[in-house]
Amino acid sequence: TLALLIFLGDCQPLDVSSVHHNNTFLKYSVSLLGYGFYGDILKDSEKKRWMGPMRYDYSGFKTFLSHHYYEGTIAYQPAKHTHGSPRDKESCRMGCYICKKSEKQLAEQTKEHGLKHEEGEEEWKVIKGKFLAINAVNMSCACPRSPKGLSPAAHLADGSADLILVRKCSRFDFLRYLVRHTNQDDQFDFPFVDVYRVKCFQFTSKLSEDNESNVMDIGKKRFGQFCRDHPACCCNIVNSTWNCDGETLDSSAIEVRVHCQLMKLFARGIEENSKDEAAYSQSSIEQLL
């Protein structure tokens with residue numbers, strides 16, 4: 001199949017996110033960047049590789065029961081060049097017109113203002129709070145357990161990522177949010193869930209904000225290390241781990257930039273699944289009735 005696609009010249013562009021810390025490049029990401037819930041699952045599952053694939057279920061259940069939240073600050077630049085929003089029903093499909101229009105609009109903005117001017121002058125929006133999960137996806141991240149994915153309307157090549165913030169809430173509410181990923185309901189329809197389409201964002205944990213070179217902060221750092229080394233401690237864990245496409249990334253302060261159509265694949269894109277589309281249509285009709 002790949003040989004035929006190369007021969008026919010079918011091409012599917014793909015957005016790539018670069019992860020930086022203090023202007024130092026760390027990693028690339030093409031699907032999921034997850035801090036909090038998904039990061040904790042990955043970190044715990046790495047210690048139980050002997051369990052095989054079952055380790056993800058075990059670590060997921062354990063992480064859900066622990067119900068850790070993390071305090072920090074998120075700053076992001078909205079992707080104003082994109083067409084559509086994370087909560088519309090326009091899924092990315094083969095020959096996606098939203099990706100084409102967004103790429104064209106971004107190119108025009110860059111040509112008109114210049115990349116440095118655009119990044120420096122555009123307004124940053126800041127959010128502070130306590131979060132159970134912080135997820136940034138370049139694609140829907142659909143899988144058998146989540147047919148629509150973490151962000152059903154995410155696009156492969158529109159030069160943006162969908163930033164999903166799950167604020168601190170009860171275990172029951174968080175379970176409701178997780179269950180929504182297994183059905184056709186809108187998983188963003190909760191007061192504690194926010195979603196934004198962004199072209200870059202920064203995250204800094206509360207510990208990193210308070211970490212200055214004085215005696216008190218050194219004590220805080222040591223105390224935080226004690227909590228991490230001894231999970232039985234009554235204190236909440238101060239830092240999580242980033243899940244970067246299935247690889248752990250230990251950094252509590254990062255900057256993420258989305259590079260529009262940085263990579264090109266020999267592929268036709270996501271094709272329509274008539275079975276899923278029919279089920280989704282049926283669910284929409286039932287809701288209307």
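Here is a short conversation about the predicted model shown above.

Reader: Before we begin, what kind of model is this, and how confident is the predictor in the chain on average?

Author: This is a predicted model, in which local features need pLDDT of at least 70, side-chain atom pairs count only at pLDDT 80 or more, and totals for chains, interfaces and linings use all residues. Residues are numbered from 1 along each chain as its sequence is written, and side-chain values use heavy atoms, with hydrogens and water left out. The score called pLDDT is the predictor's confidence in each residue, from 0 to 100. In this chain 81% of the residues reach 70 or more, and the mean pLDDT is 83.

Reader: Where does pLDDT stay under 50?

Author: Where pLDDT is low, the predicted coordinates should not be read in detail. One stretch has five contacts (heavy atoms within 4.5 Å) beyond four places in sequence, and another has six such contacts. The stretches are residues 228-234 and residues 278-289.

Reader: Thanks! How many helices and strands does the chain have?

Author: Helices (H or I, at least four residues) and strands (E, at least two) are DSSP runs, numbered from the N terminus. By that reckoning, the secondary structure comes to nine helices and ten strands.

Reader: What share of the chain's residues count as buried?

Author: A residue is buried under 20% relative accessible area, exposed over 50%, and partly exposed in between, with a 1.4 Å probe and protein chains only. The chain has 289 residues. The share of them that count as buried is 43%.

Reader: In helix H3, which helices do the buried residues pack against?

Author: Helix H3 covers residues 54-66, and its buried residues are Arg55, Ser59, Gly60, Thr63 and Phe64. They cover an arc of only 160° around the axis (taken from the directions from the helix axis to the C-beta atoms), which puts them on the same side of H3. On the other side of H3, Met54 and Phe61 are exposed. The buried residues pack against helix H2 (37-46) and helix H6 (171-180).

Reader: How far apart are the end C-alpha atoms of H3?

Author: The expected span of a helix is 1.5 Å times one less than its number of residues. For the 13 residues of H3 that gives 18 Å, which agrees with the distance in the model. The end C-alpha atoms are 19 Å apart.

Reader: Which residues of H2 are buried?

Author: H2 is mostly covered, with eight of its ten residues buried. They are Phe37, Tyr38, Gly39, Asp40, Ile41, Leu42, Asp44 and Ser45.

Reader: Turning to the strands, which ones pair with strand S6?

Author: S6 (residues 161-167) is mostly covered, as six of its seven residues are buried. Two strands pair if DSSP finds at least two bridges between them. Phe131 stands opposite Arg167 in S6, while Val166 has Val193 as its bridge partner. With six bridges in each antiparallel pairing, the partners are strand S5 (residues 125-137) and strand S7 (residues 193-205).

Reader: And which strands pair with strand S10?

Author: S10 covers residues 253-265 and has an antiparallel partner joined over eight bridges, where His20 is matched with Glu255. Another antiparallel pairing has five bridges, and there Phe201 is matched with Val256. The partners are strand S1 (residues 12-21) and S7.

Reader: Is Glu255 buried or exposed, and what is its relative accessible area?

Author: Glu255 is found in strand S10. Leaving aside neighbours within four places in sequence, Glu255 is in contact with Ser18, Val19, His20, Phe201 and Gln202. Glu255 and Cys200 are 55 residues apart in sequence and 7.4 Å apart in space, C-alpha to C-alpha. Glu255 is buried, with a relative accessible area of 17%.

Reader: One last thing: which residues have a positive phi of about 55°?

Author: Most residues other than glycine have a negative phi, and most peptide bonds are trans. One residue with a positive phi comes just after H3; another lies in the loop between strand S8 (242-244) and strand S9 (247-249) and is partly exposed, with a relative accessible area of 31%. Asn22, in the loop between S1 and strand S2 (24-29), also has a positive phi, near 55°. The residues with about 55° include His67 and Asp245.
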